[in-house]
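Let's take a walk through this model together, following a few side chains from one part of the chain to another.

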Amino acid sequence: MNHDDAVWNIMGQTFCSFKVKTHDDKVRFCRNPYNVTGLCQRGVCPLANGQYATIIEHEDELYLYIKTAERAHLPRRQWEKVKLDSSFPKALEQIDEQLQWWDQKMVIKIKARLLRLKQYLMRKRKMMMEPEVKYVSVNKRQEDKLLRREAKAEQAARIELEIEKELLERLRKGTYDSVINYNKEAFERLLDEEEERGEEELEEEEDEEYPDFVMDDEEEEEELLGSKNKNKTKKTRDKILIEEEIENEPLKRVRQEDLDW
């Protein structure tokens, strides 16, 4: 017959394959999957207790495993499996119903394990909903080669631009007139068009940076009316001045001989 004290004296005090020792001699862990707390102690050891119960998680479902001394001679049927409800309060009611006459200390430990496993499943579902991050290895030598090639390509492009500018300057100065037969006027026209395009692009960029201020329609109408009124006042003043000059001119005496034709 299975004796709990004899089993604990052999496995708890001497050797157990599930026992994990630490630097502190007072604390020892248990790797047995049926252990309720995960500690190597007499009251929670699944091997040294004929009457035992625990919570096991299988495929995101929680089950209550119950062990009794009457089934100790049948290892295959030693644990009774009861599926727990997904609702936490209902699962607690099921535990109270199944372990009605058990020690309350053991029941409290089982309920604490149920709470920890529920929290674990909630975190697991949350992590599954988050986007997956994949880490890819990078070949450092290959990356360095690509960077060196990019630097060389940039340097070659700069040299080509400098050569192109130098050739255009020489064509402008006429150093290749005796060698190349081309229409000089057409070439200069093309160069002028390119310069005009560059100036237009610069003006467009400046306009984008500093937009012009546009007046409202009402302000424009007021300015037009004001300018018309000013022009009218100027015309009236000119007429008054002309009439004053004509009136102020002295009367000249005219000889009779001058009047005769």
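A good place to start is D60, which at 35% relative accessibility counts as partly exposed. Keep in mind as we go that this is a predicted model. The side chain of D60 meets that of K124 in a salt bridge, 3.0 Å from N to O. Because K124 lies in helix 3 (residues 104–129) and D60 in the loop between strand 3 and strand 4 (61–67), the pair ties together parts that are 64 residues apart in sequence. K124 is partly exposed too, with a relative accessible area of 31%.

The whole structure holds four salt bridges, so let's visit two others. D5 pairs with R42, their closest N and O atoms being 2.9 Å apart. D5 sits in helix 1 (residues 4–11) and R42 in the loop between strand 2 and strand 3, so this bridge ties together parts 37 residues apart in sequence. The next one joins the side chains of D96 and K111 at 2.8 Å, N to O. Here the link runs from helix 2 (residues 88–98), home of D96, to K111 in helix 3, 15 residues apart.

Back in the loop between strand 2 (28–30) and strand 3 (52–58), look for L39. Leaving aside neighbours within four places in sequence, L39 is in contact with R28, F29, C30 and V44. With a relative accessible area of 27%, L39 is partly exposed.

Finally, turn to the surface, where R141, K145, R148, R149 and K152 gather in a patch of positive charge. Among them, R148 belongs to helix 4 (residues 140–173) and is partly exposed, at 49% relative accessibility.

Definitions and conventions:
Residues numbered from 1 in each chain as written. Predicted model: local features only at pLDDT ≥ 70, side-chain atom pairs only at ≥ 80, totals over all residues. Heavy atoms only, no water. Patch = residues over 30% accessible without salt bridge, like charges linked within 9 Å, V, L, I, M, F, W, Y side chains within 5 Å. Areas by Shrake-Rupley, 256 points an atom, 1.4 Å probe, with all protein chains shown as cover. Lys, Arg positive; Asp, Glu negative; His and termini not counted. Charge placed at Lys NZ, Arg CZ, Asp CG, Glu CD. Helix = DSSP H or I, 4+ residues; strand = E, 2+ residues; numbered from the N terminus. Buried < 20%, exposed > 50% of the residue type's maximum accessible area, 1.4 Å probe, protein only. Contact = heavy atoms within 4.5 Å.
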